Amino acid sequence: MKYNMKHLWFEKGAYANKKSRVFLATEFNPEKIKKIAIIRHAALGDQVITRPFLVEARKFFPNAHITLCAVSNYQYGMPSDLADSVHIMHGADKKSEIKFSEKLSNIKELPEQDIIFDLAATNRSYWMIALSKATLKVGFPYRSILNRLLYDVGVFRSDFSSEIEAMLDMLRILGHNPEYPLNFAYPNNKEHKNITAPFIIYFNGASQESKMYPIAEQAELLAKAVQALPDYQHIFLEGLNSKEKGESLRHLEKYNNFSIQPSVDLKNITQLLAEATLVVSTDTGIRNMAIATHTPTVGIFYSTVPFRYTPSYEYHHIVMNADASLPSPDQVLMGIKITLEHIKSL
């Protein structure tokens, strides 16, 4: 039997089983959807890039109760302000104190949904998808076999396109057309263009030490930047970790246009990043937050893939070497100069 393809906007670039094709062609209406759950088990940076999905899901499903499904060890920066309720799954921090039966009960606490979107694609989210009840289960696993095992609808993803776009594809396939530039529901850099004292934020921390820009290179970069770009204030932002502090950079305070900013809370950091002229950072949550405020960034990459977290709808400069060697301070400074010239031309 042939079904009308409304609400299933693809030809060959996605997956949909027979059940979903029938439902989408004969019963699905976004305005009649009452309950959706969005799974996102991830650290700060990945939580931040979930925000546009929640904003767009609210538009597409105007009458739906949205449940954000997070995990206990990754709640910092969780976009709960954009959801109606939150379900917390037991994470790695509960491993030694929670029995397997309790983990299963915890998962099953999620009420039956009209649609579940899996924006995590982790072992924990696979368990949640498998054990939860929903009319439609939508995901984007890297391994295509998981589409047939776990999901009714699946979109493809790649390390060469922004993960935000792959997530939004889960709404596009159902017929939604997201708004651009994406709305992260954060302070917006475009509202702070007239700040009289332009400044650049530098951050070299990361959740993994292998992603951190070494402090010796960071010090060399800052020493060159404060002299090469005297019309900008250069601010080193400290992180919470002891290895993300700026004590070894105190000698640079002899320059009037350099300062060290102690770590600040989440609300104030988004405001600070939104007011910055530019943010220079490794692959970390701070860079993703800067992108979320529409502030231009210079990303330093050498141990992680750069394209998955670099949107194409705004200007963000990537500093990298084809052999994955550490970019030099001179390379990063050149990226800063190129980006500042681009900003001036706008």
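This tour moves from an enclosed strand and its neighbours to a surface patch and then to aromatic pairs.

The model is predicted, so local features require pLDDT of at least 70 and side-chain atom pairs pLDDT 80 or more, whereas totals for chains, interfaces and linings use all residues. Residues are numbered from 1 along each chain as its sequence is written, and side-chain values use heavy atoms, with hydrogens and water left out.

**Strand 11 and its neighbours**

Select residues 278-282, which form strand 11; strands (E, at least two residues) and helices (H or I, at least four) are DSSP runs, numbered from the N terminus. Five of the five residues are buried, so the strand is largely enclosed by the rest of the structure. Here, buried means under 20% relative accessible area, exposed means over 50%, and partly exposed lies in between (1.4 Å probe, protein chains only). In a regular strand the side chains alternate between the two faces of the sheet. Accordingly, L278, V280 and T282 point one way, and V279 and S281 the other.

Next, add residues 199-203, strand 8, which runs parallel to strand 11 and is joined to it by four bridges; strands pair if DSSP finds at least two bridges between them. Y202 stands opposite V280. Then add residues 297-300, strand 12, also parallel to strand 11 and joined to it by four bridges. Here I300 is the bridge partner of T282.

**Helix 10**

Select residues 285-292: helix 10 forms a right-handed β-α-β unit with strands 11 and 12. With the strands pointing away from the viewer, a right-handed path from the first strand over the helix to the second runs clockwise. Eight of the eight residues in helix 10 are buried, among them R287 and N288. After the helix comes H294, with a positive phi near 65°.

**Aromatic pairs and a surface patch**

Now select F160 and F307. Their rings form a tilted pair, 6.3 Å centre to centre with 40° between the planes; rings of Phe, Tyr and Trp (its six-membered ring) pair if their centres lie within 6.5 Å, with planes under 30 degrees apart counted as stacked, over 60 as edge-to-face and the rest as tilted. The two residues are 147 residues apart in the chain. F160 is exposed at 68% relative accessible area, while F307 is partly exposed at 33%.

Add M320, in the loop between strand 13 and helix 11. At 35% relative accessibility, M320 is partly exposed.

Finish with F23, F28, F53, F60, F61 and F117, which form one aromatic cluster.
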